[in-house]
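Q: I have a protein model open on my screen and I'm not sure how to read it. Could you walk me through it, one feature at a time?

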Amino acid sequence: MQTFSDLAKMKYMDSRKRNFSSAKKIEDVRLPSWLAVKDNDFSLIGEMTKLKQLSLHDVAIEDYSFLAKCVNLSELDLQDTNFSDRRLLAELPALKKVILPPYSQLEHTEVLEQLTCVKEIKEEKTEDTTQAEPSSAREEHSTEQQTPCEPLHLGDTAHLGIDGMGIVLFSAEVMKSVAPGSNFLTEEFTNPEQVGAHVRKGDITAFCTGTGGDFVLWFRSGYPDSNIAKEFPVMIRLALEVRGGALQFCDLFWLNDWNTDFPREQILSLPDGYYHITVCTRRPESGYWGDDQIICLFFNRLEEMPEITWPGIPILFTEEEGTESRGNGHEFLQQCS
């Protein structure tokens with residue numbers, strides 16, 4: 001975010017993720033001139049009026065009233081916070097799912113009965129605390145507790161917000177030799193020659209979106225038909241080896257701090273093997289790349305690794321239509337400018 005007005009463009013926020021790796025503490029982060037650090041002040045989240053998903057973890061906030069301004073919130077995760085006043089939830093008209101701390105921490109439980117969204121309540125830490133819950137609370141808890149989110153499958157749709165200008169796919173089992181915590185982006189995935197070598201090998205692959213933003217990923221099997229090709233004319237072909245029955249997909253910046261502990265919503269279940277991946281998209285109706293942009297990914301399983309001839313970074317946008325680059329010094333991003 002370079003200006004205050006950029007706050008209103010935010011749609012996805014997860015405090016477990018970060019888009020920097022060299023800085024180990026907030027004091028080392030280079031902030032825009034208009035932004036200053038103020039302890040325990042989360043009011044800027046209230047300026048994110050288009051925010052759809054918010055996940056806060058391991059934080060203690062004195063005032064959660066900023067939530068009332070996030071009227072487009074559809075998913076809210078507060079399970080690992082000190083949140084207690086459920087009356088705020090009634091002020092979120094678009095809310096479809098909320099994950100809350102244990103019952104013993106919550107106040108105004110009558111509000112839950114008024115909410116039509118999916119509600120999940122974090123389990124109490126000890127059995128004694130659970131037994132101390134009122135019987136009505138235990139009953140509500142048992143009916144609301146949901147099964148953990150399963151990995152995606154072909155035919156599913158995923159939402160991915162990225163800060164970098166590329167989306168990366170790989171199978172953790174194929175890349176198990178990479179040391180956890182290492183900066184794979186800087187060491188092996190920065191310049192076009194490095195990226196091209198990996199893309200041709202098919203151990204890890206990526207494509208440049210030309211911008212950060214919000215993307216809707218459609219996962220499908222086989223190859224796109226002529227109707228898809230007409231609807232999504234910007235098309236490239238990649239290849240990837242899958243082991244361990246799954247592949248992961250992520251923001252380019254995830255590679256700054258190598259970690260294969262992905263959230264379930266960024267894991268796609270696939271049988272082991274070699275895959276042709278056809279990636280196709282179109283410019284969003286708004287005219288801006290990355291504005292809830294649909295990207296279709298078709299996976300066709302093969303007997304052996306297909307030959308891919310990319311010499312550098314695969315680019316999934318049309319330059320003639322214009323792209324506003326947000327460079328960060330990496331050649332990967334410069335290639336997309």
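A: Sure, let's begin with a pair of strands. Strands β6 and β9 (residues 213-221) are joined by six bridges and run antiparallel. Within that pairing, T157 has W218 of β9 as its bridge partner. Keep in mind that this is a predicted model.

Q: What holds paired strands together, and in which sense does β9 pair with β14?

A: The general idea: strands in a sheet pair through backbone hydrogen bonds, and they can be parallel or antiparallel. Here, β9 and strand β14 (residues 293-302) run parallel, joined by seven bridges. If you want a spot to click on, R220 has F298 in β14 as its bridge partner.

Q: In what order do the strands of the open sheet come?

A: There are five, and the order is β6-β9-β14-β13-β10, with mixed pairing. At the far end of that list, β10 pairs with strand β13 (residues 273-281) in the antiparallel sense, over nine bridges. One bridge there matches R237 with T278 of β13.

Q: Which strands stand at the edges?

A: Those are β6 (157-162) and β10 (234-242). Each has a single partner strand, so one side of each is left without a neighbour in the sheet. Also, neighbouring strands of this sheet are turned against each other by 25° on average, ignoring direction.

Q: How many residues does the largest nonpolar core have, and which have the most contacts inside it?

A: That core has 53 residues, and F189, F207, L217, L297 and F299 have the most contacts inside it. Our edge strand β10 gives the core its largest share, six residues. Another core lies apart from it, with 28 residues, including L51, L56, V98 and L112.

Q: Can we zoom in on single residues? Is I204 buried or exposed?

A: I204 is buried, because its relative accessible area is 0%, and the cut-off for buried is under 20%. You'll find I204 in strand β8 (residues 204-208). Leaving out neighbours within four places in sequence, the contacts of I204 include V168, F170, F189, L240 and W258. Notice how the fold brings parts of the chain together: I204 and V174 are 30 residues apart along the chain, while their C-alpha atoms are separated by 8.3 Å.

Q: And what about D77: buried or exposed?

A: D77 is buried too, with a relative accessible area of 8%. D77 sits in strand β3 (residues 75-81). Not counting residues up to four places away in sequence, D77 touches L54, S55, L56, H57 and I99.

Q: How many disulfides does a search of the whole structure find?

A: First, the idea: a disulfide is a covalent bond between the sulfur atoms of two cysteines. The search finds zero here. Take C280: the nearest cysteine sulfur, from C296, is 4.3 Å away, and a disulfide would need the sulfurs within 2.5 Å. C280 is buried, with a relative accessible area of 0%, and C250 is buried with a relative accessible area of 0% as well.

Q: Where does pLDDT stay under 50?

A: The general rule is that where pLDDT is low, you shouldn't read the predicted coordinates in detail. In this model, pLDDT stays under 50 over residues 127-148 and over residues 321-337. The model has 25 contacts beyond four places in sequence for residues 127-148, and 50 for residues 321-337. Over the chain, the mean pLDDT is 82, and 82% of the residues reach 70 or more.

How values were computed
Residues are numbered from 1 along each chain as its sequence is written. This is a predicted model: local features need pLDDT of at least 70, side-chain atom pairs count only at pLDDT 80 or more; totals for chains, interfaces and linings use all residues. Side-chain values use heavy atoms; hydrogens and water are left out. Buried means under 20% relative accessible area, exposed over 50%, partly exposed in between (1.4 Å probe, protein chains only). Two strands pair if DSSP finds at least two bridges between them. Helices (H or I, at least four residues) and strands (E, at least two) are DSSP runs, numbered from the N terminus. Axes are lines fitted to C-alpha atoms, for helices over the stretch in contact, and angles run from 0 to 180 degrees between N-to-C directions. Contact means heavy atoms within 4.5 Å. A nonpolar core is a set of buried Ala, Val, Leu, Ile, Met, Phe, Trp, Tyr and Cys residues joined through side-chain atoms within 4.5 Å. pLDDT is the predictor's confidence in each residue, from 0 to 100.
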